[in-house]
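Student: Could you walk me through a few local features of this fold? I would like to reason from geometry to names and values.

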Amino acid sequence: SLSHHRRASMIEPEHSRLSIVKQCQLMSISRSSYYYEGQGESGFNLDLMRLIDEQFMEAPYYGSRQITKILRRMGFCVGRKRVRRLMRKMGLQAIYQRPKTSQPHSEHRVYPYLLRNLTIERPNQVWCADITYIPLRRGYLYLVAIMDWYSRRVLAWRLSNTLDASFCTEALDEALALYGPPEIMNTDQGCQFTSLEFTETLKEAGVGISMDGRGRWMDNIFIERLWRTLKYESTYLHELETGSQAREVIGRWVSRYNDERPHSSPDDKTPTEAYFNLELGSSLGSCPGMSRQDRAA
């Protein structure tokens with residue numbers, strides 16, 4: 001069953017037909033618990049977290065000591081202890097650009113890395129998935145995306161206010177339903193991706209499971225680049241207030257990224273053109289998916 005946090009995150013305050021009261025009843029949660037907000041970070045700390053995230057995207061080799069110096073030069077009176085705590089909460093660690101939003105679970109099986117020396121030359125040969133941190137004005141969310149490695153097309157994504165495995169599995173279920181299974185799915189060793197919920201879904205679909213070596217963010221480099229581009233072209237440019245606003249902004253950006261943004265590989269095509277093997281300039285527009293029969297036609 002879904003956690004309370006997950007059910008609460010599914011409520012849409014601006015729903016055109018259902019009131020919040022009715023949605024709470026349907027989700028089997030009390031209205032008071034929906035409106036309750038635990039004591040989170042102060043506004044000052046949330047501002048710091050946003051700045052730390054931006055700095056980390058520029059220099060993933062900076063640790064808490066160096067980032068503290070940069071924040072002080074920007075006029076913030078902060079100590080290293082505070083910066084270190086906030087970086088830990090965000091899951092940021094120096095040396096390699098890897099938000100530790102996905103942490104290993106000691107009891108989950110870790111699968112071998114299957115992509116070494118593999119030539120990736122067609123859509124649906126390899127998919128990848130990852131999670132990143134999305135700052136809001138009064139908090140933050142987590143974003144997962146499923147991407148086709150060859151075309152760089154984002155096949156599905158989900159936002160969540162918690163790091164349980166369900167939102168990752170929901171994104172995977174959507175991608176499988178729209179596009180059919182890939183040959184291999186590559187992820188990091190985070191507990192969301194090593195969970196039985198996620199791995200069993202892949203096994204039932206006949207998908208090979210591949211996982212990066214620990215600390216090797218380069219193994220999943222294309223989706224790391226996706227996060228950088230998304231943040232600098234979208235989320236950093238907006239003062240995101242709510243989850244619904246974040247979904248709208250990210251949704252618009254993903255559509256533009258898939259359908260309008262050419263990539264040098266393969267062949268200067270957009271991700272949509274490369275995924276569906278279309279001619280240059282042939283966008284599918286708002287079409288979210290295409291059947292295997294259509295692709296073969």
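Here is a short conversation about helix packing, strand pairing and one loop residue.

Tutor: Happily! This is a predicted model, with local features needing pLDDT of at least 70, side-chain atom pairs counting only at pLDDT 80 or more, and totals for chains, interfaces and linings using all residues. Residues are numbered from 1 along each chain as its sequence is written, and side-chain values use heavy atoms, with hydrogens and water left out.

Student: At what angle do the axes of helix α5 and helix α6 cross?

Tutor: Helices here are DSSP runs of H or I with at least four residues, and strands are E runs of at least two, numbered from the N terminus. Axes are lines fitted to C-alpha atoms over the stretch in contact, with angles from 0 to 180 degrees between N-to-C directions. For α5 (residues 64-73) and α6 (residues 80-90), the axes come within 9 Å and cross at roughly 115°.

Student: How many bridges join strand β1 to β2?

Tutor: Two strands pair if DSSP finds at least two bridges between them. β1 and β2 form a hairpin with two residues between them, and Trp127 stands opposite Asp148 in β2. The strands run antiparallel, and the number of bridges is 10.

Student: Which residue in β3 stands opposite Val144?

Tutor: β2 and β3 pair in the antiparallel sense over six bridges. Opposite Val144 stands Arg158.

Student: Is Thr162 buried or exposed?

Tutor: Thr162 is found in the loop between β3 and α7. Buried means under 20% relative accessible area, exposed over 50%, and partly exposed in between (1.4 Å probe, protein chains only). Because its relative accessibility is 14%, Thr162 counts as buried.
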